[in-house]
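This report covers aromatic pairs, a nonpolar core and the surroundings of one polar side chain.

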Amino acid sequence: PFPKNFKLNWNGTNFTLYNESLLLMMNFDNMAELGESSSIVKDLSKYGNNGACAGGSCPIWISNGKYNGAYDFYGSDDYINCGNSSSFNSQEITLSTWVKFNSYPPATKYQFIIEKNLAGTWASYGLWINASGNLIFSVQNRSAYPVWSPNFPLNTGQWYHVTAVFKRKDYNSSDGKIYINGQSVQTTNITNGYRTGFAIKYDKNNTNIGREGGTINSNYLDGT
């Protein structure tokens, strides 16, 4: 059976590596022992939200990512579909990944790292960059859609460890945080109707890596 908690004891102190709150964990190492291939990515959390390449073709698996394997997305019709399990439907969100962008999207376009789609042009939550290279994090419910964004662009051709966190507490800008390479960064927050009582809205649309879904079905990631 899958362990509920995985802890590391270091010099008498227990550190939780993961527990049941981990909803999706992918190493992108293309390990046949796990049942992976260039088109199948296994979720190592207890929930089994395995991914499969989708679109016109697969992103390309490479062995020289930041640490071991990675997928190279080329910005047109390739992404990983992780399905629509209800296990994704949390009111507290942490998204974390290594990413390197090959380019910035053109004006009025975006490049999505990950998105839990909500029917139409909405997203339950998502993480992406705009044409200026600024990271954007948002949670939504079809009426309110607060946004957090650092005040500087991410460079192309450079690896970044990015983490975005949302936790309802004070119902203001402090409920969302972004970390880049382990450091909390100052963000601009646009409330867009965010107020007391907000709850992320979910439906049966998919969680995608490397694309925005819904009626848009575009804004593909050009990077690794």
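A residue counts as buried under 20% relative accessible area, as exposed over 50%, and as partly exposed in between (1.4 Å probe, protein chains only). The model is predicted: local features need pLDDT of at least 70, side-chain atom pairs count only at pLDDT 80 or more, and totals for chains, interfaces and linings use all residues. Residues are numbered from 1 along each chain as its sequence is written, and side-chain values use heavy atoms, with hydrogens and water left out.

**Aromatic pairs**

Rings of Phe, Tyr and Trp (its six-membered ring) pair if their centres lie within 6.5 Å; planes under 30 degrees apart are stacked, over 60 edge-to-face, and the rest tilted. This rule gives 14 aromatic pairs. Two of them are tabulated.

| Pair | Centre to centre | Angle between planes | Class |
|---|---|---|---|
| Trp122 and Tyr145 | 5.6 Å | 70° | edge-to-face |
| Trp148 and Phe166 | 6.1 Å | 50° | tilted |

Strands are DSSP runs (E, at least two residues), numbered from the N terminus. Trp122 lies in strand β10 (residues 122-129) and Tyr145 in the loop between β11 (135-139) and β12 (147-150), so that the pair links parts of the chain 23 residues apart. Trp122 is partly exposed because its relative accessibility is 22%; Tyr145, at 34%, is also partly exposed. In the tilted pair, Trp148 belongs to strand β12 and Phe166 to strand β13 (residues 160-167), 18 residues apart. Both Trp148 and Phe166 are buried. They belong to one aromatic cluster with Phe137, Tyr171, Tyr194 and Phe198.

**Nonpolar core**

A nonpolar core is a set of buried Ala, Val, Leu, Ile, Met, Phe, Trp, Tyr and Cys residues joined through side-chain atoms within 4.5 Å. The largest one has 36 residues, of which Leu127, Phe137 and Phe166 touch the most other members. Strands that each supply at least two residues of this core include β6 (70-74), β8 (92-99) and β14 (176-180). Strand β13 gives the largest share, four residues. With contact meaning heavy atoms within 4.5 Å, and residues up to four places away in sequence not counted, Phe137 touches, among others, Leu95, Leu127, Trp148, Phe166 and Ile178.

**Glutamine 111**

Gln111 is located in strand β9 and counts as buried because its relative accessibility is 3%. A polar atom of the Gln111 side chain lies 3.0 Å from the backbone nitrogen of Asp222. Leaving out residues up to four places away in sequence, the residues touched by Gln111 include Tyr104, Trp128, Tyr220 and Asp222.

Conventions
A polar contact is a pair of N or O atoms within 3.5 Å; within protein, one must be able to donate a hydrogen and the other to accept it, and residues adjacent in sequence count only if both atoms are side-chain atoms.
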